[in-house]
Amino acid sequence: MAPPVYGDLGKSAKDVFGKGYHFGVLKLECKSKTSTGVEINAGGTNALESGKGLTFTEKWNTDNTLNTEVAIEDKVAKGLKLVLNTTFAPQTGKKSGVLKSTYKTDALSVNLDSTLDLGGPVVNGAAVASYKNWLVGYQMSFDTAKSKLTKNNFAVGFTNPDFILHTYANDGAEFGGSLFHKISSELEGAVDLSWAAGSNTTRFAIGCKYALDKDAALRAKVNNSSQVGLGYQQKVRDGITLTLSTLIDGKNFNQGGHKVGLAVELEA
């Protein structure tokens, strides 16, 4: 099995802190797939504090922007996937494009992306190598117009079915890591820690997810800023999932400013 791409390193811990929380918004998301395999993803969010909303769809939006994606996988070489994504706005004539490539073997995952900009494309690349339970990764971004390396990241990880460790160093200025542990079939826990050299600030958070049954789960997290997040997710029926969440500011508990959120996900 190929190692994960660089962006998915530490994903299990990220999901503990990110999934199932929708603070300060009302969200509706609808997913569908046609018999021909075309996926449609549409939805909207409304910010409770400002009342401002955003409506979007995946392949067509209110700006009349046309998106085209062409993908070729395992045709040029086994394990190689090439994707060309272009965007065109008829009203303004603005065009953009990205060429993406991913190559995977049992011990290596490499992805290389480039914007299609004649003025100087931005090239993004990353590679993750695995040896037994260990993962080593590197990620870069190079602006050809400025001849400048704008991203220079390293990562090291250790993984097994119940325990995942991820550490990273970003641009030599931010250092951190996460730890994910599947304590039991119902309980998952994670710890996240980072330190920024420039500001000398430390961020620390701990979170968990507890499955009440196959259709319901409780989530909780707290960080060193005394922010407490709570979430409850319930599968109402096949294709309908309801999520309730709240963010409590522990430092200003009596002053208010706490946030609540509601999300409904529909899938057919």
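These exercises walk through a predicted model of one protein chain.

**Exercise 1. Judge the confidence of the model.**
Task: find the mean pLDDT of the chain, and state where pLDDT stays under 50.

Solution.
- Step 1. Start with the whole chain. Its mean pLDDT is 88. Of its residues, 93% reach 70 or more.
- Step 2. Turn to the weak stretch. Over residues 54-62, pLDDT stays under 50.
- Step 3. Count what that stretch touches. The model has 17 contacts beyond four places in sequence for residues 54-62.

**Exercise 2. Check the cysteines.**
Task: state how many disulfides the structure holds, then classify C30 and C208 by accessibility.

Solution.
- Step 1. The count of disulfides is 0.
- Step 2. C30 has a relative accessible area of 29%, so C30 is partly exposed.
- Step 3. C208 has a relative accessible area of 30%, so C208 is partly exposed too.

**Exercise 3. Place S109.**
Task: work out which strand holds S109, whether S109 is buried or exposed, and which backbone oxygen its side chain reaches.

Solution.
- Step 1. Locate the residue. S109 sits in strand β7, which covers residues 108-115.
- Step 2. Read its accessibility. The relative accessible area of S109 is 0%, and the cut-off for buried is under 20%, so S109 is buried.
- Step 3. Follow the side chain. From S109 it reaches the backbone oxygen of P3, at 2.5 Å.
- Step 4. List the surroundings. Beyond four places in sequence, the contacts of S109 include A2, P3, P4 and V5. Y103, K104, A126, A127 and V128 are also among them.

**Exercise 4. Explore the largest pocket.**
Task: give the space in the largest pocket, then say which residues lie nearest its centre.

Solution.
- Step 1. The largest pocket holds about 340 Å³ of space.
- Step 2. Its lining has 21 residues. Nearest the centre lie A2, P3, P4, L135 and T159.
- Step 3. Now sort the lining by element. Two or more residues come from each of α1 (11-18), β9 (134-143), β10 (148-160) and β11 (163-170).
- Step 4. Zoom in on L135. This residue belongs to strand β9. Its relative accessibility is 12%, so L135 counts as buried.
- Step 5. Look for partners of L135. Outside four places in sequence, L135 touches P3, P4 and T159, among others. L9, V128 and A155 are also among its contacts.
- Step 6. Compare sequence and space. L135 and Y6 are 129 residues apart along the chain, yet their C-alpha atoms are separated by 9.9 Å.

**Exercise 5. Examine F163.**
Task: classify F163 by accessibility and name the residues that F163 touches beyond four places in sequence.

Solution.
- Step 1. F163 lies in strand β11.
- Step 2. At 30% relative accessibility, F163 is partly exposed.
- Step 3. Beyond four places in sequence, F163 touches F158, L179 and F180.
- Step 4. Check the spacing to I183. The two residues are 20 apart in sequence and 8.8 Å apart from C-alpha to C-alpha.

**Exercise 6. Read two positive phi values.**
Task: find which loops hold S147 and D171, and give the phi of S147 and of D171.

Solution.
- Step 1. S147 occupies the loop between β9 and β10. Its phi is near 50 degrees, positive in a residue other than glycine.
- Step 2. With a relative accessible area of 55%, S147 is exposed.
- Step 3. D171 occupies the loop between β11 and β12 (174-182). Its phi is about 55 degrees, also positive, although D171 is not a glycine.
- Step 4. At 46% relative accessibility, D171 counts as partly exposed.

Note on methods. Residues numbered from 1 in each chain as written. Predicted model: local features only at pLDDT ≥ 70, side-chain atom pairs only at ≥ 80, totals over all residues. Heavy atoms only, no water. Disulfide = S-S within 2.5 Å. Buried < 20%, exposed > 50% of the residue type's maximum accessible area, 1.4 Å probe, protein only. Helix = DSSP H or I, 4+ residues; strand = E, 2+ residues; numbered from the N terminus. Polar contact = N/O pair within 3.5 Å; in protein donor to acceptor, adjacent residues only side chain to side chain. Contact = heavy atoms within 4.5 Å. pLDDT = per-residue confidence, 0-100. 1 Å grid on protein atoms, 1.4 Å probe; cavity = no way out; pocket = protein on both sides within 12 Å on 5 of 7 lines; lining within 4 Å. Points joined across faces, edges and corners; volume = space filled by probe spheres on them.
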